[in-house]
Structures are given as structure tokens and as C-alpha cells.
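Dear colleague,

I am handing over the structure below, together with an account of what was found in it. Please look through it before reading on.

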Amino acid sequence: MSVQIPAASPGEMAVPSAAAADSIALHGVDIAYEREGQEPLLVVENCSLSVGREEFVAIVGPSGCGKSTVLRAISGLLRPTRGKVLIHGNEVVGHPAGVGFMFQRDTLLPWCSVEENIAIGLELSGNPQKDPQATIRDLVQLLGLNGFEKSYPSALSGGMRQRVSLGRLLAYHPDVMLMDEPFGALDSLTKAVLGRELLRIWEAERRSIVFVTHDIEEAVYLADRVVVFSPRPGRIVAQHRIDIPRPREARAIRSDPRFTHICEQIWDDLKLPTH
Ligand SMILES: Nc1ncnc2c1ncn2[C@@H]1O[C@H](COP(=O)(O)OP(=O)(O)OP(=O)(O)O)[C@@H](O)[C@H]1O
Ligand SMILES: [Mg+2]
């Protein structure tokens, strides 16, 4: 079922991750943004979290609580003000190898077509492909982008751009996937299809995923563990292990009493006054 950590000092109490070895470890991380003429803005406070090598962790929390900031620290885009971030046991300095990031806002290259943007992921992966065009075709098919291979991002909808970003991440094939609300701009049907595909891919080839979402049901459906953040400064207020067996079926799981129970607990966590 679910493991709930008391809110007393949750930042210190990491729920043991599913796999023996951790890919990602945050130890007592504070992150503050410097601001001109003002006090630094403390965004993340005393965050300790570990993610196993084959573990799928979802982060939920109110807007502005520091979720994207935590992903940025894991990816080396920013350094914590206090504490440490480790990837495979090494402190993160610069951009660690094998870490892929799907940003909240799409970062497609506007001068590259859909297939060229996906091809960038393949090039970055450094894995020579027997038939790169076939890999790109498969991803285009998987993501429902057929007929738009030659289109440029400016001619795509927001949801389509997100799907291309996902294609680029999957083509890169990193050991650690950081996904910041990857399905946020999608309609519920496309979201369900892509969620299922992401799970299928992950179940076939497990790796670490940290997946930020506002959608509690999506988090519980996808993840092994859901980490709940307080409002800013983001602190971990609860963690829930999702022991619902896999493979999971998106519709069936919603009528599973374990699913509804965990979702309700997370709703409660988010409502809790945390200061
Ligand atoms: N580069 C920056 N400089 C200063 N403040 C920043 C910067 N980036 C983010 N912030 C502030 O840090 C806080 C947390 O931002 P962050 O983007 O991490 O939140 P979030 O939890 O991802 O929110 P959302 O769910 O809305 O995406 C916000 O108050 C934001 O204004
Ligand atoms: Mg964000």
C-alpha cells in the first residue's frame, strides 16, 4: 500500500528507494535564488531524497514550491546553496553524463524539423544506430506525429511540441530521465496514451525517472513512489510507496481502492498547513 512519513522531519527521512543502489541522491539540499536588491529567495529547504537505479519517482506539490528547481539541481543546471546532489555516487558538477531532461517549457530547436529535433537525441546518446531513420520513424509513430516529420515547431500545437520533446528524450536514452510536467499541456486522451507508452518503455528497460506533475492520479498511476512537497520553500512533507502491481492499466487502476486511498492521502498532504 503506501508508506507515509510523518511530517516532523521528512527532509531527513528518505524512504529507502526500491533498488539497492541509488542513481540520484540529494542530501540536505537548500536552494536559494539570488535577487538584486533583495534577500535571496529560499525555494527548496533541507531536501533529502534518493532514487533507485530502476525507480520511477513522481514529485507533486503546489505551483512555485521548487519542483523544477530540484530537477535543475539534479541535472547540474544550478548548484544547491547548501547540501549535496549526487548522481551514481558522484557530486554533480556541470552536466552529468547520462542525464536527460524534458523541460516544462519545450526547448525544441525552431530551425529543425520534427525528425531533426528527435535526431538530436540520437546524436547526443553517442550510441551508433544501425538504422537511425528507422528509430526516428518508430518514435514518430509512437508519439502520433506521423505526417508532421518535416514540420517545424512553429507549425505544431503545444501538445505536439511536447511529444517531440519526449521523442528527443527517448532517442537520447539516458540512464536518468528528469521529466518536468511532460504531459502538462496534453488533452487527457493523449496524456493517457503517452503515460501508457512511457510505462511500457520503462517496464521493458528500467531506469531512474523523476517525474514532476500537478496531476495526483497521474503520479500514482505511473510511479513507484510519490514525493509530496510543501509550498515554497519546498520541503518534503510525505512520501508514498505505490505498491500496486505492474503492469498497471490506466482505467482499471482508477477503480482500485488502493489507488483511490493513496490519492486521497496525497490530497490531504497537500492541504496540510506545513509552516
Ligand atoms: N531563475 C530564477 N531566479 C529567481 N527566482 C526563480 C528562478 N527560477 C524560479 N524562481 C522562483 O523559485 C520559485 C520556485 O520555482 P519553480 O519553477 O522551481 O517552481 P515549481 O514548483 O516548478 O512551480 P510550477 O509547478 O508552477 O512549475 C518560484 O517562486 C519562482 O519564482
Ligand atoms: Mg515547474
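How many salt bridges does the rule find across the interface of domain 1 and domain 2? Before the answer, a word on the basis: this is a predicted model, in which local features need pLDDT of at least 70 and side-chain atom pairs count only at pLDDT 80 or more, while totals for chains, interfaces and linings use all residues. Side-chain values use heavy atoms, with hydrogens and water left out, residues are numbered from 1 along each chain as its sequence is written, and chains are lettered from A and ligands numbered from 1 in the order in which they are written.

The answer is 0 salt bridges across that interface, where a salt bridge is a side-chain nitrogen of Lys or Arg within 4 Å of a carboxyl oxygen of Asp or Glu. The two parts are domain 1 (1-98 + 176-186 + 206-275) and domain 2 (105-174), with bounds that come from an automatic or database domain assignment. Their C-alpha centres lie 27 Å apart, and the contact (heavy atoms within 4.5 Å) takes 12 residues from domain 1 and 9 residues from domain 2.

Between them the domains bury about 820 Å², 59% of it on carbon and sulfur atoms; buried area here is the accessible area (1.4 Å probe) that two parts lose on being put together, summed over both. Met-177, Leu-186 and Arg-207 supply 45% of the area that domain 1 buries against domain 2, more than any other three residues.

Turning to the fold, the protein chain has 8 helices and 10 strands, which are DSSP runs (H or I, at least four residues, for helices; E, at least two, for strands) numbered from the N terminus. The radius of gyration, taken over C-alpha atoms, is 18 Å, close to the 19 Å that the globule rule (2.2 Å times the number of residues to the power 0.38) gives for 275 residues, so the chain is as compact as a globular protein of that length. Along the principal axes, its C-alpha atoms fill a box of roughly 55 × 50 × 35 Å.

The salt-bridge count comes to 16. In one of these, the side chains of Lys-191 and Asp-215 meet at 2.9 Å, N to O; Lys-191 is in helix H5 (residues 188-204) and Asp-215 in the loop between strand S8 (208-212) and helix H6 (216-222), so that the pair, 24 residues apart, links distant parts of the chain.

Some backbone details also deserve a look. Most residues other than glycine have a negative phi, and most peptide bonds are trans. The bond from Arg-232 to Pro-233 is cis, with omega near -5°, and Pro-233 lies in the loop between strand S9 (225-229) and strand S10 (236-241). His-88, although not a glycine, has a positive phi of about 50°.

Best wishes
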